[in-house]
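Here is a set of questions and answers for a first-year student who wants to see how a description of a structure is reasoned out. Please keep the sequence and the structure in view while reading.

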Amino acid sequence: MPKLSIQYFAILREQRGVAQETLTTAQTTPEQLYEELRSRHHFTLPADRVRAAVNGEFVAPDAVLPEGAEVVFIPPVAGG
Amino acid sequence: MNFTLTSAPIDPVALQRDLTHSSAGACVAFEGWVRDHNEGQAVLALDYEAFVPLAESEGSRILDEARAKFQVVAVAGVHRVGALRIGDLAVWVGVASAHRGSAFDACRYIIDEAKARLPIWKKEHYATGASQWINCAVRGDYVASNEPEKPH
């Protein structure tokens with residue numbers, strides 16, 4: 001099972017209670033991983049409103065998570 | 001030039017000076033300021049948070065797109081992070097070009113794309129004492145927070 005590091009920002013950081021963590025998961029895509037985390041930590045945002053970045057680049061929700069991936073889930077943005 | 005994020009106050013005069021070029025006949029700059037209200041609520045302050053590496057790389061990608069789409073001489077952008085107060089400069093975009101049309105168009109393109117694409121989040125603090133992450137409300141938040149306690 002791949003070991004991943006995850007960084008949380010904004011509303012997800014507050015709802016998770018930490019800014020980052022490492023974990024081992026059976027999930028193979030960002031979408032699956034988000035659903036697992038969402039049910040465990042009661043995130044309010046549904047998966048379709050959260051984008052994912054892996055190793056510093058945006059990726060598709062069904063991209064394959066590589067071993068050691070640095071995953072960031074991106075809530076709806078509000079710059080400017 | 002690149003798109004950068006900074007926790008220090010933005011200096012628009014210095015940034016605009018960096019756009020200077022002998023072939024530029026026009027300069028358009030956009031400044032986004034922190035205002036004291038949003039959607040009917042009095043705003044006291046706000047926090048910006050960003051995933052900095054991706055915000056800078058995506059912002060620089062937007063600047064590259066503007067260079068490809070419009071006849072421009074120089075482009076640049078800066079976004080603040082951290083705790084900001086009313087009147088603070090939150091985002092600055094500047095474009096220099098030979099003529100004004102492409103400078104206006106490129107500046108508008110960059111700020112619109114930056115607002116839509118950069119991984120930057122804004123938390124507003126209201127006069128009521130409440131606060132919220134903008135654009136992150138979900139249907140049911142209001143209902144859930146106003147539901148009477150269920151009898152046990």
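Q: How many helices and how many strands does chain A have?
A: In this predicted model, chain A has 2 helices and 5 strands, and along the sequence they follow the pattern β-α-β-α-β-β-β.

Q: What makes chain A as compact as a globular protein of its length, or else more spread out?
A: The globule rule gives 12 Å for 80 residues, and the radius of gyration of chain A is 12 Å, close to that value, so chain A is as compact as a globular protein of that length. Taken along the principal axes, the box that its C-alpha atoms fill is roughly 35 × 25 × 20 Å, and buried residues make up 30% of its 80 residues.

Q: What is the order of elements in chain B, from the N terminus on?
A: Chain B has 4 helices and 9 strands, and these run β-α-β-β-β-α-β-β-β-α-β-β-α.

Q: How do you know whether chain B is a compact globule or more spread out?
A: For 152 residues the globule rule gives 15 Å, whereas the radius of gyration of chain B is 19 Å, well over that value, so chain B is more spread out than a compact globule. The box filled by the C-alpha atoms of chain B is roughly 75 × 25 × 25 Å along the principal axes, and buried residues make up 30% of the 152 residues in this chain.

Q: Why is Val52(B) called partly exposed?
A: A residue needs 20 or more other C-beta atoms within 10 Å to be buried, and 12 or fewer to be exposed. Val52(B) has 16 within that distance, which lies in between, and therefore Val52(B) is called partly exposed. This residue belongs to helix α2 of chain B, residues 52-69, and its C-alpha atom is 9.2 Å from that of Val81(B), although the two are 29 residues apart in sequence.

Q: How do you know that the length of α3(B) agrees with what a helix of 18 residues should span?
A: At 1.5 Å a residue the expected span is 26 Å, and the end C-alpha atoms of α3(B) are 26 Å apart, so the two values agree.

Q: What makes the buried residues of α3(B) line one face of the helix?
A: The buried residues in α3(B) are Ser102(B), Ala103(B), Ala106(B), Cys107(B), Ile110(B), Ile111(B) and Ala114(B). Seen down the helix axis, they fall within an arc of 155°, so they line one face of α3(B). Among the elements of chain B that cover these residues are β2 (26-33), α2, β5 (74-80) and β7 (89-97).

Q: Which elements of chain B each supply at least two residues of the side that touches chain A?
A: In the contact between the chains, 21 residues of chain B meet 16 residues of chain A. On the chain B side, α2, α3 (100-117) and β8 (120-126) each supply at least two residues, and by class that side has 14 nonpolar, 3 polar and 4 charged residues.

Q: Which residues have the most contacts inside the largest nonpolar core?
A: They are Phe73(A), Val72(B), Ala106(B) and Ile110(B), in a core of 56 residues. Leaving aside residues up to four places away in sequence, Phe73(A) touches Tyr8(A), Leu12(A), Tyr34(A), Val50(A) and Ala52(A).

Conventions
Residues numbered from 1 in each chain as written. Chains lettered and ligands numbered in written order. Predicted model: local features only at pLDDT ≥ 70, side-chain atom pairs only at ≥ 80, totals over all residues. Contact = placed C-beta atoms within 7 Å. Nonpolar A, V, L, I, M, F, W, Y, C, P; charged D, E, K, R; others polar. Rg over C-alpha atoms; globule rule 2.2 N^0.38 Å. Expected span 1.5 Å × (residues − 1). Arc of directions from axis to C-beta. Core = buried A, V, L, I, M, F, W, Y, C linked by C-beta atoms within 7 Å.
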